[in-house]
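The following exercises concern the nonpolar interior and the sheet of the structure shown. Each task is followed by a worked solution.

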Amino acid sequence: MKTLYLVRHAKSCWDDPTLADHERPLAKRGLRQLEEIGPWLAARGVRPQRLLCSTAARAQATARPLAEAMGYPPEAIDYQARLYACTPDALLAVIGEQPDDLQSLMLVGHNPELTELATRLGAGIEHMPTCAVVELVFASGRWAGIESQAPVQRLFHRPTRKRERKAGD
């Protein structure tokens, strides 16, 4: 069995138009999203064997607190430039390169490629909002070619939106 976690970075800040896209930090809303998603992952016992992350500032700022919440050593996060502004095929290539003895993998990255990949892999979603998590379990012993199988289990979770928090109070 292989478990793949796809995580879109938390909400980023657009306040400084002089910043390059790669350098945009998280917005206050993104920090709040992490305060919700980190404990949610930890409560579910999620602890990937490998965590790969885009080198973009907002992705790194998402991966570090999530890693800490899950008990994954932040210094072990593998930051890869090829996960930034890529394609779903590029993400599949990265996934396919993983050693077969690895049972669980988390990718922290960006849209539209994460939504497109999740759709291709059978997640049954149309959009991954910021800080959303897709969990896909495949009955496979190999990462390579995982896209040719339907997941045996899938889960989608996103942070609570402001209007939902108010309704639930």
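**Exercise 1.** Identify the residues with the most contacts inside the largest nonpolar core, and the elements that supply it.

*Solution.* A nonpolar core is a set of buried Ala, Val, Leu, Ile, Met, Phe, Trp, Tyr and Cys residues joined through side-chain atoms within 4.5 Å, where buried means under 20% relative accessible area (1.4 Å probe, protein chains only). This is a predicted model: local features need pLDDT of at least 70, side-chain atom pairs count only at pLDDT 80 or more, and totals for chains, interfaces and linings use all residues. Residues are numbered from 1 along each chain as its sequence is written, and side-chain values use heavy atoms, without hydrogens and water.

Step 1: the largest core has 25 residues, and Leu4 and Leu6 have the most contacts inside it. Step 2: β1, α3, β4, α4 and β5 each give two or more residues to this core (helices: DSSP H or I, at least four residues; strands: E, at least two; numbered from the N terminus). Step 3: α3 gives the most, four residues.

**Exercise 2.** Establish the strand order and the edges of the sheet.

*Solution.* Step 1: six strands form an open, mixed sheet in the order β3-β2-β4-β1-β5-β6; strands pair if DSSP finds at least two bridges between them. Step 2: β3 (78-80) and β6 (153-157) each have a single partner strand, so one side of each lacks a neighbour in the sheet. Step 3: β1 (residues 2-8) pairs with β4 (residues 104-109) in the parallel sense over six bridges, and Leu6 has Leu107 as its bridge partner in β4.

Notes. Buried < 20%, exposed > 50% of the residue type's maximum accessible area, 1.4 Å probe, protein only.
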